[in-house]
Amino acid sequence: KSWISYAQKVLKLSKMLERRTWWSRCPLRQIGGVPAEIYDKLEAKRYTSAARMEALKEMGVREIGQLVSHQRLAAQLKAEASALPALSIDVSAQPITRTVLRVVLTLTAAFEWRDRLHGGAESWWIWVEDSDTEHIYHKELWTLTKQQALEPQELSFTTPLFEPLPPAYYIRAFSDRWLGVETVAPLPLANLSLPSARPAHTDLLALRPLPKSALADARFEALFRFSHFNPVQSQIFHTVMHTDDNVLVGAPTGSGKTVAAELAVLRLLREYPGCKAVYIAPLKALVRERMADWRAKFVQGLGLKMLELTGDVTPDARALATAHILATTPEKWDGVSRHWQQRNYVQKVTLVIIDEI
């Protein structure tokens with residue numbers, strides 16, 4: 001709400017009180033391993049910002065000794081600069097819609113971890129800001145542990161977009177407790193390729209109803225009691241039965257959306273034998289309703305195996321390995337899929353059907 005500068009000042013003030021030092025002084029004073037007059041010399045030469053600290057890290061010991069006119073303490077001063085917390089930020093972004101941007105940050109610790117100074121973890125405030133409007137569009141406290149500091153870490157989130165797009169957002173990382181520890185990375189928006197602004201829905205075309213003989217398989221045709229697919233089913237038939245494209249079907253109740261899911265299962269059987277389908281519904285009652293309906297079609301009609309995977313029912317590993325269709329709830333599938341590397345039956349899932357979005 002146009003409070004970027006105020007938020008920065010409040011955070012800076014709180015750290016000044018905690019550290020009992022001024023923000024305009026050399027950040028290395030917070031380590032305090034060399035005499036105060038050495039820091040005085042650095043401050044006299046404007047070594048008071050994060051950028052100047054990075055420059056100090058890049059200097060050789062001899063250069064630092066010449067800078068402060070004290071060669072004996074130069075190595076210790078360089079060690080302090082190397083221990084001052086710092087982050088390297090790589091930014092990538094992908095628009096999800098014209099108003100939502102997914103941002104992925106690769107955060108790398110650019111300092112030497114010392115238990116005496118850093119303890120077990122260091123925290124940073126991560127902001128996404130628009131400097132033109134003084135808005136903070138995303139903020140979160142991100143913590144880096146000693147173990148995580150050994151390799152780059154990923155942080156992902158979404159942030160809003162507003163047209164006309166500004167030239168850039170800025171990713172700003174502040175240390176939660178160290179003064180003068182800040183990293184800024186631009187997130188360019190000028191060349192961002194946004195999705196089309198056309199309507200999300202597809203108009204229903206005046207197509208001739210497609211006969212079920214289009215399935216070209218007597219076993220599949222026997223599953224349906226009607227002779228022709230309805231207009232919605234006829235329009236999506238080619239995409240569902242002859243491509244691997246993702247499909248979102250939004251249509252009124254009773255318009256045959258379930259048949260669209262069944263067509264996708266039939267394509268799976270035809271093109272990917274040995275693979276599995278997962279049906280996900282928000283309620284256990286809907287899962288059981290679908291189980292009862294599809295047992296008559298797929299189990300009795302085609303000899304497939306179906307299993308319910310909910311909080312109340314957890315089949316054994318052998319049954320899961322041989323099942324063709326798993327019916328589950330979002331919460332259960334979320335827990336199962338988190339450990340997909342250890343579960344072979346999850347790795348074989350090729351089709352995911354999500355009902356009642």
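1. Let's start with a pair of residues in this predicted model: Ala93 has Val103 of β2 as its bridge partner. The pair belongs to the ladder between β1 and β2 (residues 100-109), where the two strands run antiparallel and are joined by 9 bridges.

2. Stepping back from that ladder, you will find β1 and β2 in an open sheet of 3 strands, ordered β1-β2-β5 and paired antiparallel. The edges are taken by β1 (87-95) and β5 (153-160), each of which pairs on one side only. From one strand to the next, the twist of this sheet averages 25°.

3. There is also an open sheet of 4 strands, and its order is worth tracing on screen: β4-β3-β6-β7, again with antiparallel pairing. Here the edge strands are β4 (135-145) and β7 (182-188), and each pairs on one side only. The average twist between one strand and the next is 20°.

4. Within the sheet of 4 strands, have a look at β6 (residues 168-175), which pairs with β7 in the antiparallel sense over 7 bridges. For a landmark in that ladder, take Ile171, whose bridge partner in β7 is Ala185.

5. Which helix packs on this sheet? That is α1, spanning residues 4-19, and the strands α1 touches are β3 (121-130), β4 and β6. The direction of α1 makes about 160° with that of β3.

6. Now for a helix pair, α8 (residues 231-242) and α9 (residues 257-271). Their axes come within 9 Å of each other and cross at roughly 25°. Angles under 35 degrees count as roughly parallel, and α8 and α9 are therefore roughly parallel to each other. As for handedness, the crossing of α8 and α9 is right-handed.

7. Which residues make the contact between these helices? On the α8 side they are Gln233, Ile236, Phe237, Val240, Met241 and His242. From α9 come Val259, Ala260, Leu263, Ala264, Leu266, Arg267 and Arg270. Sorted by character, the residues in the contact of α8 with α9 comprise 9 nonpolar, 2 polar and 2 charged.

8. To pull the points together for your own viewing: the model holds an open sheet with the order β1-β2-β5 and an open sheet with the order β4-β3-β6-β7. Helix α1 packs on the sheet that includes β3, β4 and β6, while α8 and α9 meet in a right-handed crossing.

Definitions and conventions: Residues are numbered from 1 along each chain as its sequence is written. This is a predicted model: local features need pLDDT of at least 70, side-chain atom pairs count only at pLDDT 80 or more; totals for chains, interfaces and linings use all residues. Side-chain values use heavy atoms; hydrogens and water are left out. Two strands pair if DSSP finds at least two bridges between them. Axes are lines fitted to C-alpha atoms, for helices over the stretch in contact, and angles run from 0 to 180 degrees between N-to-C directions. Contact means heavy atoms within 4.5 Å. Angles under 35 degrees count as roughly parallel, over 145 as roughly antiparallel, 65 to 115 as roughly perpendicular and the rest as oblique. A crossing is left-handed if the near helix is turned anticlockwise from the far one by less than a right angle, and right-handed if clockwise. Ala, Val, Leu, Ile, Met, Phe, Trp, Tyr, Cys and Pro count as nonpolar, Asp, Glu, Lys and Arg as charged, and the others, Gly among them, as polar.
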